[in-house]
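Colleague: I would like to learn how to read the features of a model like this one, step by step. Could we go through them together?

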Amino acid sequence: CEPNPYDRLPKEVVHKLFSDWYKKEYGKIPGNNLIQKIYDAMTKKFGERKKHPSPGWEGVRVITCDYSV
């Protein structure tokens, strides 16, 4: 895939994907402080989230693979 500078990854998507992964791996829901660390790491790597017209980290998208099949 070619990167698209117009893609934006919303905070809510990061929260959902990380929480689902964490629960699958550790059997419990991650605490707010752990999720905040994820947000901080995203901001450090990709810059501040844009707020308008659609919120999210600009130029970032998630590619997922399902290995459970």
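Colleague: Does W21 count as buried, partly exposed or exposed?

Modeller: This is a predicted model, in which local features need pLDDT of at least 70 and side-chain atom pairs count only at pLDDT 80 or more, while totals for chains, interfaces and linings use all residues. Residues are numbered from 1 along each chain as its sequence is written, and side-chain values use heavy atoms, with hydrogens and water left out. Buried means under 20% relative accessible area, exposed over 50%, and partly exposed in between, with a 1.4 Å probe and protein chains only. W21 counts as partly exposed because its relative accessibility is 42%.

Colleague: Which residue forms an aromatic pair with W21 that is edge-to-face?

Modeller: Rings of Phe, Tyr and Trp (its six-membered ring) pair if their centres lie within 6.5 Å, and planes under 30 degrees apart count as stacked, over 60 as edge-to-face and the rest as tilted. A search of the whole structure finds six aromatic pairs. One of them joins W21 to Y26, edge-to-face, with 6.1 Å from centre to centre and 85° between the planes. F18, W21, Y22 and Y26 form one aromatic cluster.

Colleague: Is Y22, from that cluster, buried or exposed?

Modeller: Y22 lies in helix α1, where helices (H or I, at least four residues) and strands (E, at least two) are DSSP runs numbered from the N terminus. Y22 is buried, because its relative accessible area is 14%. Leaving aside residues up to four places away in sequence, Y22 touches G27, K28, I29, P30 and L34, contact meaning heavy atoms within 4.5 Å.

Colleague: How do α1 and α2 pack?

Modeller: Two packed helices are described by the angle between their axes and the distance between the axes. Axes are lines fitted to C-alpha atoms, for helices over the stretch in contact, and angles run from 0 to 180 degrees between N-to-C directions. Here α1 (residues 11-26) and α2 (residues 32-46) pack at about 130°, with their axes 11 Å apart. That makes α1 oblique to α2, since angles under 35 degrees count as roughly parallel, over 145 as roughly antiparallel, 65 to 115 as roughly perpendicular and the rest as oblique. K11, V14, H15, F18, S19 and Y22 in α1 meet L34, I35, I38, Y39 and M42 in α2.

Colleague: Is N32, in helix α2, buried or exposed?

Modeller: N32 is exposed, because its relative accessible area is 68%. The C-alpha atoms of N32 and H15 are separated by 9.9 Å, although the two residues are 17 residues apart along the chain.

Colleague: Where is there a cis peptide bond?

Modeller: Most peptide bonds are trans. In this model a cis peptide bond joins H52 and P53, with omega about 5°, and P53 lies in the loop between α2 and β2 (57-58).
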